Amino acid sequence: MTGADLLLLALGAVAVGSGVLVVTTKHLVRAGLYLVVCLGALAGDYLVLGAELVAWVQVLIYVGAVVVLLLFAVMLTRAPIGASDDLDRPGWPAALIGGGAGLGLTVLLVDAYRWSTVAVPDAGTAERLGEQIFRSWVLPFEVLSVLLLSALVGAVVLSRPDIGRRPGPPADGGAARDRVDVDSGGSR
Amino acid sequence: MRPVIPYVTAALLFGLGVYGVLRRRNAVLVLMAVELMLNAINLILVTADTTVRAVLPHSGQVFALFVIVLAAAEIGVGLAIVLQLYRLRASVAVDEVPLTEPTDPPSAAGAPEPAAAGGNQEAGR
């Protein structure tokens, strides 16, 4: 056991523990905050594993943007402050399938790697990763930019109630549109 | 460094994500569980970058970056869908979403009713 192993163990325990709290807590907002702890511990794991750029991108995008978006969604859907009892479904199948997936993968990976050691490779700095991305992986990179654009347009189209509405009876459509406008104004 | 430790962490996180997706009723919590699964995949990729000697160096980390971008796109579209669902039904419970489309327009006729129900719910809380 070296220092890196101990760090990986501690950060992994933090990540798994806060992950358990994310899927079991009764408070919606706390689930988002436990998700921050889990993602932060994973960023620490990436740093120990020598993936510097991935760790900082994780902090920037996940902890900075994705969790904030999730908390916005929690607020916009008028989540109650405090514990709510209707968050869960009866969960024997979920426990069975989730536990089966987790423990099955654990057995598979432990059997594959045992207690072997590897040397930590040279750190994945922005310079080295950028060289790889823009030399060997430039086509997937460009495809991803197109995907981000289409996701942006898709989110806008989904959020606007007046795009893609089926032509119906005019009075009906007008009533529905009024209703949506009033409702969206109320939810802001 | 022993790669089995991050691998086991990732496997357990993936199992937790599967459990959360199947267990939770609130759509926002389902999205959080999906984030847990995506992060487990990222941890697998970054760890595999240290154990697998590939032809191209650091390909695992490049893939982890790609998965992070995919997750950002997924969360944007997913939250747009969730907010639209809330606007239509005043509820984000995933097991109350009707899988069959109503034939006649009771959705338009009964449309003010979910908002009223939401108001009642709000008042009840």
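Let's start with chain B, which has five helices and zero strands. Reading from the N terminus, its elements simply run α-α-α-α-α. Keep in mind as you look around that this is a predicted model. Chain A follows a similar plan on paper: seven helices and zero strands, in the order α-α-α-α-α-α-α.

How sure is the predictor about all this? For the complex it gives an ipTM of 0.83 and a pTM of 0.81. Chain A has a mean pLDDT of 85, with 87% of its residues at 70 or more. For chain B the mean pLDDT is 82, and 81% of its residues reach 70 or more. Within chain B, helix α1(B) has the highest mean pLDDT of the elements, 95, while α5(B) has the lowest, 43. Next to that low value, note that the pLDDT is below 50 over residues 108-125 of chain B, a stretch with 15 contacts in the model beyond near neighbours in sequence. Chain A has a stretch of this kind too: pLDDT stays under 50 over residues 171-188, where the model has 18 contacts beyond four places in sequence. Where pLDDT is low, the predicted coordinates should not be read in detail.

Now for how each chain is packed. Of the 125 residues of chain B, 50% count as buried. For chain A, with 188 residues, the figure is 24%. You can also ask how far along the sequence the contacts reach. In chain B, take the contacts between residues at least 6 apart in sequence: 55% of them join residues at least 24 apart. In chain A, residues 24 or more positions apart account for 59% of the contacts with a separation of 6 or more.

Next, try laying the database record over the helices. In an unreviewed entry, UniProt places the feature "transmembrane region" at residues 6-24, 31-49, 55-79, 91-110 and 137-158 of chain A. Residues 6-24 of chain A are 100% helix in the model, with end C-alpha atoms 27 Å apart. The span 55-79 of chain A is 88% helix and 0% strand, and its end C-alpha atoms are 31 Å apart. For chain B, UniProt (again an unreviewed entry) lists residues 6-22, 29-48 and 60-83 under "transmembrane region". Residues 6-22 of chain B are 100% helix, and the end C-alpha atoms are 24 Å apart. Residues 60-83 of chain B are also 100% helix, with 34 Å between the end C-alpha atoms.

So where do the two chains meet? In total, 71 residues of chain B are in contact with 89 residues of chain A. On the chain B side, the elements that give two or more residues are α1 (4-23), α2 (27-51), α3 (59-89) and α5 (112-124). Helix α3(B) gives the most, with 22 residues. By residue type, this side of chain B divides into 48 nonpolar, 13 polar and ten charged residues.

The largest nonpolar core draws on both chains. It holds 71 residues, and those touching the most other members are A:Cys38, A:Val54, B:Leu13, B:Val28, B:Met32 and B:Leu36. The elements giving two or more residues to this core are α1 (3-24), α2 (28-48), α3 (52-76) and α4 (92-113) of chain A, along with α1, α2 and α3 of chain B. Helix α2(B) supplies the largest share, 14 residues. Zoom in on A:Val54 to see the mix of partners: beyond its neighbours within four places in sequence, A:Val54 is in contact with A:Tyr46, A:Gly124, B:Val46, B:Gln61, B:Ala64 and B:Leu65.

For a last stop, look at helix α6 of chain A, residues 138-159. At 1.5 Å a residue, its 22 residues should span 32 Å, and the end C-alpha atoms are indeed 32 Å apart. Is α6(A) mostly buried or in the open? Just one of its 22 residues is buried, so the helix lies largely in the open. From chain B, B:Gln84 touches A:Leu158 and A:Ser159, leaving out residues up to four places away in sequence. B:Gln84 is found in helix α3 of chain B. This residue counts as partly exposed because it has 15 C-beta neighbours inside 10 Å, which falls between the limits of 12 or fewer for exposed and 20 or more for buried.

Key. Residues numbered from 1 in each chain as written. Chains lettered and ligands numbered in written order. Predicted model: local features only at pLDDT ≥ 70, side-chain atom pairs only at ≥ 80, totals over all residues. Contact = placed C-beta atoms within 7 Å. Helix = DSSP H or I, 4+ residues; strand = E, 2+ residues; numbered from the N terminus. Nonpolar A, V, L, I, M, F, W, Y, C, P; charged D, E, K, R; others polar. UniProt positions renumbered as here; feature names shortened; annotations may be inferred. pLDDT = per-residue confidence, 0-100. Core = buried A, V, L, I, M, F, W, Y, C linked by C-beta atoms within 7 Å. Expected span 1.5 Å × (residues − 1).
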